[in-house]
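Hi,

Here is the structure I said I would pass on. Have a look at it first, and then read on for what turned up.

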Amino acid sequence: MITLHNNGVFLSEGGLHASAPLSPEEGRKRTLAWSILQAHSVSGDPEKLQVRFDAMASHDITYVGIIQQARASGMREFPLPYALTNCHNSLCAVGGTINEDDHVFGLSAARKYGGIYVPANQSVIHSYAREQLAGCGKMILGSDSHTRYGALGTMAVGEGGPELAKQLLKNTWDVPYPQVVLVYLTGTPKRGVGPHDVAITLVKATFESGFVNNCVLEFAGPGVAGLPIDFRNGIDVMTTETTCLSSIWETDEETRGFYEAHGRGEEYKELHPGECAWYDKYIELDLSQIEPMIALPFHPSNAWTIREFLENAQDLLATVEADAQKRYPKAKVNLAQKVRDGGVWADQGVIAGCAGGLFDNITEAADILRGGSCGDGYFTLDVYPTSVPVSLELTNIGATADLLQSGAVIKPSFCGPCFGAGDVPAHNGLSLRHTTRNFPNREGSKPGEGQFAAVCLMDARSIAATARNGGKITPATEIEYAPVRRPYHFDQGVYGKRVYNGYGRPRPEEELILGPNITDWPKMQPLAENLLVELAAVLRDGVTTTDELIPSGETSSYRSNPLRLAEFTLSRREPAYVGRTKEIAECEAGRLAGNVPERLKALLDRCGADAGKTQFGSCVFANRPGDGSAREQAASCQKVLGGFANICYAFATKRYRSNCINWGILPFTLDEGTDFPYEAGDCVFVPKLREAIQEGREDIPAKVLKADGGEAEITLHVRGLTAEAREIILDGCLMNYYAKRAN
């Protein structure tokens, strides 16, 4: 079904080969990734990329902060097409006027700086980018981790907000040339198997080992031709969950059909790897062997075939219960009750967002449910088409009527169910979702207050099959139905009537409209000669997600107010963190004012450091932090609270590490296997750190000052910093870096 090969391979028309009449060095220049990345890099060094993107996209959780950063750094207009979509903070009753204030700000910014503004519920971010921004051979940068348009021949990258601010300031995205991994597709999926089944299979095979971490996935092989474009898009958007850097697919007439259907036929180019293209690793995936899948809490990689799950449901759900109880001691978790009456019963089905709400997914769900019923029990089914044009076409062909007649509810285009801002289940509810993630709290419950609900990821087809059986979990392969592939007709007039497109036509005379919750960033201090940090949180989990660092859900309403948002940092994972960091920050404020608190004096005396030359802040230790969302707030909130460092064995994603650097947080790492037995309240002193960063030293000696009086020597690493990244850290953050140069 799927096989990983940790060795290089050549791809030619005859298939996969261990050797070829040219070297791997020459062969790698024949990959699609090489040609697109090098065409967009301005560095002149093929191993050190400095990329300028063709377009960008942000949603309403991120664009306010990005524009505020760029504005504070001297931006006068958007230098490239920049779409501001409103698909995350669309529930305008949450937080009073806050969310709609952000939307008004977004439109005023699009008008002032020459941007594209997509009103609430018109389209989710990735649907609009696919429909209106993608193009074969292009590159797009988005402030959402699921920025993936590889199936359309577009290399796309999800990053934190500061990287988008850099592009707005005509700077570059800097990254070493990545490894490229071939995903070689063969076979054809069986009826009832959908893109989420393939994607979950891929994530399960690659995530835990980090097999494709920070690599580019390049999809090719005879299996590509048999996949409709929505099927490809559905797989592609989920490559984020493998922790790869980006993705790209070869293109064909199916791809051309997508662009022509959207009135953008000129954006199509035939893209194929060159003869004897060489890849660093490869994955063989036989689509004909894929079965309907289910990903159990709390990660898309915790996956099983639905058949395996149903055969072992009692044990598997008991494992989830134990994990949940360990994470959330206040919650009374009971998923065992779902196993009854000869099956496993879910409470909710949701088909939504950039992965689930696609035209083909919904039409096939309608095929399954036509003439059937979701029942009058506890189970509910909600369907969110990914854009108004998709919703309109579903209405035109009758799919919407079929779903409504079955008892499903059709809702507007909205990403909320994917991150806990919509369709929150009841306590101990089990929700089946064709969305991108099932991390803790992604369904919106508050387990720290005793609430608990669980999300399992499934494909729309099996969710519809389950709905037809009243909530009894059922793979779509076991339902008799006749899927009908319908041609898609895109109505450009929908966007023409509502979307503001001011690219290339800025109106500098217009003012930004700022609601009372939209605030500027607090002042950040440059890095001092020495650094003393206190551990404010020590997280021993294998991986720490950005959802844990800064929770999603209702916190989204405060993403335009750095100080208020920071109050939520680690609130669902380490509730004592905010209080600890505030105490540390008060000490640092006293130091800066020339009135060093006694507590800090005692620490400085222990390490023999000068108060005038030693910065004091908080620090987070985690084994592998930063999996998941690209949200910059996972780092900026730490900095707003006085955080100056993270210590870990490895960063889960490049984007989270980049966020830390751009906010002036030292990205310290330890050698794998190094013991770190320290706890919250212990401190780490790093002497002459500023000098070490200036000189590019990567191995930095430090001393641990334990709260009980003990001491220990450790070595911290700061590896792979570019010259610009070093300057950003020295200046204290990206905004300081730009402001210093502007002055």
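Which helices each supply at least two residues of the lining of the largest cavity? They are α5 (125-133), α12 (353-356) and α16 (416-419). Before I go further, keep in mind that this is a predicted model.

Back to that cavity. Its volume comes to about 230 Å³, and 25 residues line it. If you want to centre your view on it, go for His-88, Asp-144, His-146, Phe-419 and Arg-442, which are the lining residues nearest its centre. Among the contributing elements, α12 gives the largest share of the lining, with three residues. Sorted by class, the lining is made up of eleven polar, nine nonpolar and five charged residues.

In total, the structure holds seven cavities of 30 Å³ or more. The second largest has a volume of about 60 Å³. Its lining consists of Val-157, Gly-158, Glu-159, Asn-214, Thr-243, Cys-244, Leu-245, Thr-653, Lys-654 and Arg-655. Two elements, β9 (155-158) and α24 (654-662), give two or more residues each to that lining. By class, the lining of this second largest cavity has four polar, three nonpolar and three charged residues.

Next, a couple of single residues to click on.

Arg-624 sits in the loop between β28 (614-622) and β29 (625-627). Arg-624 is buried, yet it has no salt bridge. The nearest side chain of opposite charge belongs to Asp-627, and that is 6.5 Å away, whereas a salt bridge needs a side-chain nitrogen of Lys or Arg within 4 Å of a carboxyl oxygen of Asp or Glu. So what does Arg-624 touch, not counting residues up to four places away in sequence? The contacts are Phe-207, Glu-208, Gly-542, Val-543, Thr-544, Ala-650, Phe-651 and Ala-652.

The other one is Thr-722, in the loop between β34 (711-717) and α26 (723-731). Is Thr-722 buried or exposed? Neither, quite: Thr-722 counts as partly exposed because its relative accessibility is 34%, and that class runs between the 20% limit for buried and the 50% limit for exposed. Try showing Thr-722 together with Asp-174: the two are 548 residues apart in sequence, but their C-alpha atoms are 8.1 Å apart in space.

That's the lot from me for now.

Cheers

Technical notes
Residues are numbered from 1 along each chain as its sequence is written. This is a predicted model: local features need pLDDT of at least 70, side-chain atom pairs count only at pLDDT 80 or more; totals for chains, interfaces and linings use all residues. Side-chain values use heavy atoms; hydrogens and water are left out. On a 1 Å grid over the protein atoms alone, a cavity is a set of points where a 1.4 Å probe fits but cannot get out, and a pocket is an open set with protein on both sides within 12 Å along at least five of seven lines; lining residues have an atom within 4 Å of a point. Grid points are joined across faces, edges and corners, and a volume is the space filled by probe spheres set on the points. Helices (H or I, at least four residues) and strands (E, at least two) are DSSP runs, numbered from the N terminus. Ala, Val, Leu, Ile, Met, Phe, Trp, Tyr, Cys and Pro count as nonpolar, Asp, Glu, Lys and Arg as charged, and the others, Gly among them, as polar. Buried means under 20% relative accessible area, exposed over 50%, partly exposed in between (1.4 Å probe, protein chains only). Lys and Arg count as positive and Asp and Glu as negative; His and the chain ends are not counted. Contact means heavy atoms within 4.5 Å.
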